[in-house]
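Got the viewer open? Let's take a quick walk through a helix pair and then the empty spaces, one selection at a time.

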Amino acid sequence: MNILQVQNLKKIYGSGENAVHALDGVDLSVEKGEFVAIVGTSGSGKSTLLHMMGGLDRPTSGAVFVDGKNLSNLKSEELTIFRRRKIGFVFQNYNLVPVLNVMENIVLPIQLDGRQVDERYVDEIVQMLGLEKKLDSLPNNLSGGQQQRVAIARALSAKPAIILADEPTGNLDSKTSQDVLSLLKVSSARFSQTIVMITHNEEIAQLADRVIRIEDGRIDVRG
């Protein structure tokens, strides 16, 4: 079953001679439980694609379906609620709330949505990611790798349809990068969680179930 579908997606910035085709007719689909890496150099369109898939930006044309819902048909407030419930994000810069401790950061999306925290499920995530001794710590007292694990736990906690990871190891050293990616892969398998990760790092991409390459705003069909 496809949890994510992108159909003839185009994003054009500017107009006329100054028009930049950041995405130029992208088609792709991702099945439930799949861990997919989208690889591309700087300026290839991979970040733009992730923003479209996450409903953070609107396409010029084409459609993005997440869990059967066409994001383009959602009004701004509806899209905000849908993102909170259905899409988890893991960013390069972690995006943790500095005044909240680790546990508060992890459950924040659930509480913002006014839902009850599944404590058993969250505890399982915390144990798997090795954060049980850090729950009372503030983000600035954690290493980069630990902060990224908190970001992964936060993304998993709301049981989203899909997790989008934007260069999740971009600020980490090589060993920590491997550790974080291994945890993402384990998370995907253990919780049947769909993950789409964008990266410029070919070595890291190989940990995914499938690698998609993007160049000049188009999917490279040569693989």
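Start by selecting residues 119–128, which are helix H4, and residues 144–157, which are helix H5. Keep in mind that this is a predicted model. The two helices pack at an angle of about 155°, and their axes sit 10 Å apart. Angles over 145 degrees count as roughly antiparallel, so H4 is roughly antiparallel to H5. Look at the handedness while you're there: the crossing of H4 and H5 is right-handed.

Now show side chains at the contact. On the H4 side, pick Tyr121, Val122 and Ile125; on the H5 side, pick Ala153, Leu156 and Ser157. Colour them by class and you get five nonpolar residues, one polar and no charged ones.

Next stop, the pockets. How much space lies in the largest pocket? About 350 Å³. To find the spot, select Arg84, Ile87, Phe89, Pro109 and Arg154, the closest to the pocket's centre among the 15 residues that line it. Then widen the selection to whole elements: helix H2 (76–86), strand E6 (87–91), helix H3 (102–112) and H5 each give two or more residues to this lining. Which of them contributes the largest share? That's E6, with four residues. By class, the lining of the largest pocket comes out as nine nonpolar, three polar and three charged residues.

Move on to the second largest pocket, with a volume of about 150 Å³. Centre the view on Lys32, Lys159, Pro160, Ala161 and Gln193, which lie nearest the centre of this pocket out of 13 lining residues. Colour the lining of the second largest pocket by class again: five residues are nonpolar, three polar and five charged.

Last, go looking for enclosed space. How many cavities of 30 Å³ or more does the structure hold? Just one. The largest cavity has about 60 Å³ of space. To see what surrounds it, select Met52, Gly55, Asp57, Arg58 and Pro59, then add Val64, Leu71, Ser72 and Leu79; together these line the largest cavity. Sorted by class, the cavity lining has five nonpolar, two polar and two charged residues.

If you want one view to save, show H4 and H5 with their contact side chains, including Tyr121 and Leu156, and add E6 from the lining of the largest pocket.

Technical notes
Residues are numbered from 1 along each chain as its sequence is written. This is a predicted model: local features need pLDDT of at least 70, side-chain atom pairs count only at pLDDT 80 or more; totals for chains, interfaces and linings use all residues. Side-chain values use heavy atoms; hydrogens and water are left out. Axes are lines fitted to C-alpha atoms, for helices over the stretch in contact, and angles run from 0 to 180 degrees between N-to-C directions. Angles under 35 degrees count as roughly parallel, over 145 as roughly antiparallel, 65 to 115 as roughly perpendicular and the rest as oblique. A crossing is left-handed if the near helix is turned anticlockwise from the far one by less than a right angle, and right-handed if clockwise. Contact means heavy atoms within 4.5 Å. Ala, Val, Leu, Ile, Met, Phe, Trp, Tyr, Cys and Pro count as nonpolar, Asp, Glu, Lys and Arg as charged, and the others, Gly among them, as polar. On a 1 Å grid over the protein atoms alone, a cavity is a set of points where a 1.4 Å probe fits but cannot get out, and a pocket is an open set with protein on both sides within 12 Å along at least five of seven lines; lining residues have an atom within 4 Å of a point. Grid points are joined across faces, edges and corners, and a volume is the space filled by probe spheres set on the points.
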